[in-house]
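Trainee: I should like to learn how to read a protein model, feature by feature. May we take each idea in general and then in the case at hand?

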Amino acid sequence: MTKIAAAKEVDVVPENDEKNEVVHSVAIVKNGFDPVSVTVKLGDVVEWKNERDPKVNLNKGMIVGTQQCSKIKSKILLSGETFRWKADKVGSCLIVEGISAVQTGTLIVEK
């Protein structure tokens, strides 16, 4: 009798996979965001990366959107971790760094 190997889980990559995404990087740094303002197109991805020094007190980060971007909310990001969001609506809003709650940036989504 022949043994049949158990099925392996595989990732299914959709046709519009991540290889075709336009990604805009924003660093979370000691003084807030770098760059402070980012303009993207519908369907583009914004990736925030916590680049704060893990050896200092304020080393965590969190992304919180306001107004029409209120659905943008990351978990608490440790140094080196990232949060990605795909632009799904035209407009602009304020993005707040949720740990300090005083550092802000602007996100603009165009057609």
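Mentor: What follows is a dialogue on the strands, their sheets, the exposed surface and some backbone details.

Mentor: This is a predicted model, in which local features need pLDDT of at least 70 and side-chain atom pairs count only at pLDDT 80 or more, while totals for chains, interfaces and linings use all residues. Residues are numbered from 1 along each chain as its sequence is written, and side-chain values use heavy atoms, with hydrogens and water left out.

Trainee: Which secondary structure elements does the protein have, and in what order do they run?

Mentor: Helices (H or I, at least four residues) and strands (E, at least two) are DSSP runs, numbered from the N terminus. The protein has zero helices and eight strands, so that from the N terminus on the elements read β-β-β-β-β-β-β-β.

Trainee: How do strands of a sheet pair?

Mentor: They pair through backbone hydrogen bonds, either parallel or antiparallel. Two strands are counted as paired if DSSP finds at least two bridges between them. Here, an open sheet of four strands follows the order β2-β1-β4-β6, and its pairing is mixed. At its edges are β2 (32-34) and β6 (82-86), each of which pairs on one side only. Neighbouring strands of this sheet are turned by 25° against each other on average, direction ignored; for such angles, axes are lines fitted to C-alpha atoms, for helices over the stretch in contact, and angles run from 0 to 180 degrees between N-to-C directions.

Trainee: Which strands of this sheet run parallel, and which run antiparallel?

Mentor: Strand β1 (residues 23-29) and strand β4 (residues 45-50) run parallel and are joined by six bridges. Valine 23, for instance, has valine 45 in β4 as its bridge partner. By contrast, β4 and β6 run antiparallel, with five bridges between them; there, valine 46 has tryptophan 85 in β6 as its bridge partner.

Trainee: What is the order of the strands in the open sheet that contains β8?

Mentor: Four strands form that open sheet in the order β3-β8-β7-β5, again with mixed pairing. Because β3 and β5 stand at the edges with a single partner strand each, one side of each is left without a neighbour in the sheet. The twist averages 30° from one strand to the next. Five bridges hold the parallel pair of β3 and β8, where valine 38 stands opposite leucine 107 in β8. Six bridges link β7 and β8 in the antiparallel sense. In that pair, serine 92 stands opposite isoleucine 108, and glycine 91 stands opposite valine 109.

Trainee: Where do the side chains of a strand point?

Mentor: In a regular strand the side chains alternate between the two faces of the sheet. Along β6, Phe83 and Trp85 point to one face and are buried, whereas Thr82, Arg84 and Lys86 point to the other and are not. Buried means under 20% relative accessible area, exposed over 50%, and partly exposed in between (1.4 Å probe, protein chains only). In β8, Gly105, Leu107 and Val109 make up the covered face, and Thr104, Thr106, Ile108 and Glu110 the uncovered one.

Trainee: How many of the 111 residues are buried, as a percentage?

Mentor: Buried residues make up 32% of them. The protein exposes about 7,800 Å², of which carbon and sulfur atoms supply 53%; accessible areas come from the Shrake-Rupley method with a 1.4 Å probe, and for residues only the protein chains shown count as cover.

Trainee: Which backbone details deserve attention?

Mentor: Most residues other than glycine have a negative phi, and most peptide bonds are trans. Aspartate 34 and proline 35 are joined by a cis peptide bond, with omega about 5°, and proline 35 lies in the loop between β2 and β3 (37-41). Glutamine 67, although not a glycine, has a positive phi of about 50°. Glutamine 67 belongs to the loop between β5 (63-65) and β6 and is exposed, with a relative accessible area of 58%.

Trainee: What phi does alanine 101 take in the hairpin of β7 and β8?

Mentor: Alanine 101 takes a positive phi near 60° in this hairpin, which has six residues between the strands. At 52% relative accessibility, alanine 101 counts as exposed. Isoleucine 99 is also placed in the loop between β7 (91-97) and β8 (104-110), but is partly exposed at 34%.
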